[in-house]
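Biologist: Could you take a close look at one helix for me, and then show how it fits with the rest of the chain? I would enjoy a connected account rather than a list.

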Amino acid sequence: MLMAFGAIIAGLVLLVWSADKFVEGAAATAKHLGMPTLLIGMVIIGFGTSAPELAVSAMAASDGNPGLALGNGYGSNITNIALIVGLTAIIAPIAVHSQVIRKELPLLIVLTLIAGAQLLDGQLSRMDGWVLLAVFAVVMGWSIYQGLKGKADPLAGDADAEIIAHPMPLKTAVIWLVIGLVLLIVSSRMLVWGAVTIAQSLGVSDLVIGLTIVAIGTSLPELASALAAVKKNEHDLILGNILGSGIFNTLAVVGLAAVIEPLAVDPEVLYRDWTLMLALTVGLFLMGYGLTGWRKLVSRVDGGILVLVYVAYTGYLLSTVVAAGTA
């Protein structure tokens, strides 16, 4: 058990570090190869913070633990909105631009509803996975098309600042790209092994471990990005990165896991985890819109509510672990 906890801690630290280096190397390499800065932001940096979720879920599914992959995808969305947006809003109220409320959040709500519809039959098949990946390709294609027309959205990220902050020659960029990718795979395997070992030792499902320990760990890049954006007063980036990660997790992370290894879905995933994920997304929309019109703000009170919801949800999940351990 002690070795498993050590593998999780070491895996998370290495995962976050390697994901950051992978994104830096990929962005610099793409820039040297002539890729437009906007596309670098949307394709590489915009979704770069979700690289840990994708790596862990793919590794978990390939190892025959798709429940861990599903828990990681849904748990990361819950963690991003309830914990990260909540904590960020407590530190400094988040200004919400109408484009985020009118376009990005409704899109995530629709995608969450699609994901829920796939859970109704109690399974995620390979066909379900391919559908999610196809929808993801359409969303990305449309975002890139809009960006090239000059209508860039928060999903694009701050590519110029990222590239300027981390200039590097092509050779160095390629080296970091390769090192980051290799370590991303190694750290993902460490994390998955540790999580599965602990789940088996405690007699709980891989899903619960994915929803808690793994989801929090793989969401650390989003937390770091949010805190950095608060210091710079870049509110667009805070919600843009969170929503971009939510779209990535719902479609690409879960979709890829289902394609690799179809899984049976327990009923509580639908009525507990998916329902909370949808409620938080709708709640974030209402916080920005308000009951009387465009409020355009996630206040400190809103942030406190989100954090309390997260604490209650996590407490409930942990209580199931304790119950399983004493059964």
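**A close look at helix H8**

Modeller: Happy to! Helix H8 covers residues 170-202, and at 1.5 Å a residue its 33 residues should span 48 Å; the C-alpha atoms at its ends lie 47 Å apart, which agrees. Please keep in mind that this is a predicted model. Just after H8 comes Gly203, with a positive phi of about 75°.

Now for the surface of the helix. Leu170, Val174, Val178, Val182 and Val186 make up a nonpolar surface patch, and together they offer about 360 Å² of accessible area. The numbering of that list is worth a second glance. In an α-helix there are 3.6 residues a turn, so residues three or four places apart point the same way. Val178, one of the patch residues, lies in helix H8. Its relative accessibility is 46%, so Val178 counts as partly exposed, as the range for that class runs from 20% to 50%.

H8 also has an aromatic link to another helix. Two aromatic pairs turn up when the whole structure is searched. One of them joins Trp17 and Trp176 edge-to-face, with 5.8 Å from centre to centre and 75° between the planes. Trp176 belongs to helix H8 and Trp17 to helix H1, so this pair ties together parts that are 159 residues apart in sequence. Both rings have some exposure: Trp17 is partly exposed at 37% relative accessibility, and Trp176 is partly exposed too, with a relative accessible area of 25%.

The other pair is formed by Phe136 and Phe248, again edge-to-face, at 5.5 Å centre to centre and with 85° between the planes. Phe136 sits in helix H6 (residues 126-148) and Phe248 in helix H11 (residues 235-260), so here the parts tied together are 112 residues apart in sequence. Here the burial class changes: Phe136 counts as buried at 17% relative accessibility, and Phe248 is buried with 9%.

Back to the partner of H8 in the tryptophan pair, helix H1. This helix takes in residues 2-32, 31 residues in total, and reaches 45 Å from its first C-alpha to its last, close to the 45 Å expected at 1.5 Å a residue. After H1 comes Gly34, and its phi is positive as well, near 90°.

Two further spots show the buried side of the model. Thr88, in helix H4 (residues 66-91), has a relative accessible area of 0% and is therefore buried. Leaving aside residues up to four places away in sequence, Thr88 touches Ile94, Ala226, Val230 and Ile238. The second spot is a charged pair. Side chains of opposite charge can pair when their charged atoms come close. The search of the whole structure finds one salt bridge, in which the side chains of Arg272 and Asp273 meet at 2.7 Å, N to O. Asp273 is buried, with a relative accessible area of 0%, and Arg272 is buried as well, at 15%.

Finally, the wider setting for H8. The protein chain has 13 helices and four strands, and 54% of its 327 residues count as buried. Among contacts with a separation of 6 or more, 86% come from residues 24 or more positions apart. The accessible surface of the chain comes to about 13,600 Å², and carbon and sulfur atoms hold 71% of that area.

Terms used
Residues numbered from 1 in each chain as written. Predicted model: local features only at pLDDT ≥ 70, side-chain atom pairs only at ≥ 80, totals over all residues. Heavy atoms only, no water. Helix = DSSP H or I, 4+ residues; strand = E, 2+ residues; numbered from the N terminus. Buried < 20%, exposed > 50% of the residue type's maximum accessible area, 1.4 Å probe, protein only. Contact = heavy atoms within 4.5 Å. Areas by Shrake-Rupley, 256 points an atom, 1.4 Å probe, with all protein chains shown as cover. Expected span 1.5 Å × (residues − 1). Phe/Tyr/Trp six-rings, centres within 6.5 Å; stacked < 30°, edge-to-face > 60°. Patch = residues over 30% accessible without salt bridge, like charges linked within 9 Å, V, L, I, M, F, W, Y side chains within 5 Å. Salt bridge = Lys/Arg side-chain N within 4 Å of Asp/Glu carboxyl O.
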